[in-house]
Amino acid sequence: MSRERLKRGTLPPAQENIEKLQKVVEEGDYYGAQQMYKSISARYVSAQRYSEALDILQSGACIQLKHGQITCGAELAVLFVETLVKGKIPYDSDALDRVRKIYKMFPQIPLPQHLPDDDEMEQISEALGAAKIRVDGCSSFLKAALKWSVEFGAHRSGSPELHVMLAEYIYSESPEVDMARVSNHFVRGNSPKKFASVLVNFMGKCYPGEDDLAIARAILMYLAMGNLRDANYLMDEIKKQLESNQLDFPQSDLIQFIIYLLQTLQRDALPLFNMLRNSYKTSIEREPAFNELLDEIVAKFYGVRRRNPLQGVFGDIFKMMGGE
C-alpha cells in the first residue's frame, strides 16, 4: 500500500503521522523519533505538500523541546525554516506566529548568580554547558528564520520581531553576555522599550564602567541606522525605568557626549557635531568601534562620507560589535 500510495503522491494526512510520532517521543525514544520526523517530513516535501511537512516539523520541534531534547528540537526547528524556504512560504503574521510558537518552547533556565562552592562546581559546569547548547540551538533557528524573512517579504534587515526574540534569548540564556551582540539585534527590532529593560537589568549586574558604554553603544547603533526617534525613546525609557527602580542614571563624560549628540542631530549643525566629536575624543575612544559608528552617523545625518572609502563598510561595524 505505502509504495503505491507514495508513488501516487497520496501520503496520509499529516495528523496521522503527528500522533504516531508524538507517542514515540512520549515513550522516550527521542533519537528514533528524530529520524522518523526527518524522513517522514521529507516525503511530504518531495510531494510538494509543504503545509503538512511544516505541521509535522513544527510539532516535532515543539515536543522534542518540551522534553528537554534541545539538539533534536533545534534541528527540527531549522528544518522547519528550510521548508518555509523550499515551499516559498511568504513572510506574514501566520508564518511568524508558527516561528514564535517554536521559539517559546526553547527553555529559559536562570543561571546561578552566586560563586559556587567546591561541591557545586560540577553542577555549575553542567548548567553552563547546557546554557550554551540552548543559545546555539535557538540562535541557529532564529538566524535561519531571519534569512527566510528577508527573502520572503520582511524588512531588508529581517523581521524586527525575530530580531527582538533573538536579542532577548541571547541576553537571558548566554553564560557570558555579549551586549554588543544583543544590541545589534535590538536596534534592528521594534521594541526599544524591551531594549531599555534589558539595559537596565544589565546595568544592575555589570562591572563598573560598563553601564555607560552599554548605553552609548545602543544609542550610537540606532543613530548609525538613521533612527533618531528610537535613540531618543531609548534614552528617555532608560531614565524612566531607572527612576522607577530608584536607581541612578550613570554620569560620565561619555554619557554627556551622547546627550549633546542627540540634541545636535535634531538640527542642521555639522560644525557643532565636529566640535563635540573633537571635545570628547578621549571618551569616544574607550571603544574602538565608536568612531566607525560616528562616521556612519555623520554620513546619515549630514551627507558627509568617509574621506577614505576603503576604510570599511557599515556592516563591518556591526561585525566588530558582535553582529552576525
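Take the contacts between residues at least 6 apart in sequence: 67% of them join residues at least 24 apart. Keep in mind that this is a predicted model. The secondary structure is easy to list, with 17 helices and zero strands in the protein. Of the 324 residues, 49% are buried. The accessible surface comes to about 17,000 Å², and carbon and sulfur atoms account for 50% of it.

Now zoom in on one helix pair. Two packed helices are described by the angle between their axes and the distance between the axes. For helix α5 (residues 70-86) and helix α7 (residues 121-151), the axes come within 9 Å and cross at roughly 5°. That crossing makes α5 roughly parallel to α7, because angles under 35 degrees count as roughly parallel.

Which residues do the meeting? On the α5 side you'll find I70, T71, A74, A77, V78, V81, L84 and V85, and they meet I133, R134, G137, S140, F141, A144, A145, W148 and E151 in α7. Sort the residues of this contact by type and you get twelve nonpolar, three polar and two charged.

Next, the charged side chains. The count comes to 14 salt bridges, and three of them are worth a walk-through.

Start with R98 and D55, whose side chains meet in a salt bridge at 2.6 Å, N to O. R98 lies in helix α6 (residues 93-103) and D55 in helix α4 (residues 50-66), so this pair ties together parts that are 43 residues apart in sequence. As for its surroundings, D55 is partly exposed, with a relative accessible area of 29%.

The pair of E296 and K300 stays inside one helix. Both residues lie in helix α16 (residues 289-302), four residues apart, which is about one turn of the helix. Their side chains meet in a salt bridge at 3.1 Å, N to O. Is each end buried or exposed? E296 is buried, with a relative accessible area of 5%, while K300 counts as partly exposed at 41% relative accessibility.

Finally, look at D230 and R229, where the side chains meet in a salt bridge at 3.2 Å, N to O. Here D230 has a relative accessible area of 8%, so D230 is buried, since the cut-off for buried is under 20%. R229, on the other hand, counts as exposed at 65% relative accessibility. That puts a buried carboxylate partner, D230, together with an exposed arginine, R229, in one salt bridge.

Methods
Residues are numbered from 1 along each chain as its sequence is written. This is a predicted model: local features need pLDDT of at least 70, side-chain atom pairs count only at pLDDT 80 or more; totals for chains, interfaces and linings use all residues. Side-chain values use heavy atoms; hydrogens and water are left out. Axes are lines fitted to C-alpha atoms, for helices over the stretch in contact, and angles run from 0 to 180 degrees between N-to-C directions. Helices (H or I, at least four residues) and strands (E, at least two) are DSSP runs, numbered from the N terminus. Angles under 35 degrees count as roughly parallel, over 145 as roughly antiparallel, 65 to 115 as roughly perpendicular and the rest as oblique. Contact means heavy atoms within 4.5 Å. Ala, Val, Leu, Ile, Met, Phe, Trp, Tyr, Cys and Pro count as nonpolar, Asp, Glu, Lys and Arg as charged, and the others, Gly among them, as polar. Buried means under 20% relative accessible area, exposed over 50%, partly exposed in between (1.4 Å probe, protein chains only). Accessible areas come from the Shrake-Rupley method with a 1.4 Å probe; for residues, only the protein chains shown count as cover. A salt bridge is a side-chain nitrogen of Lys or Arg within 4 Å of a carboxyl oxygen of Asp or Glu.
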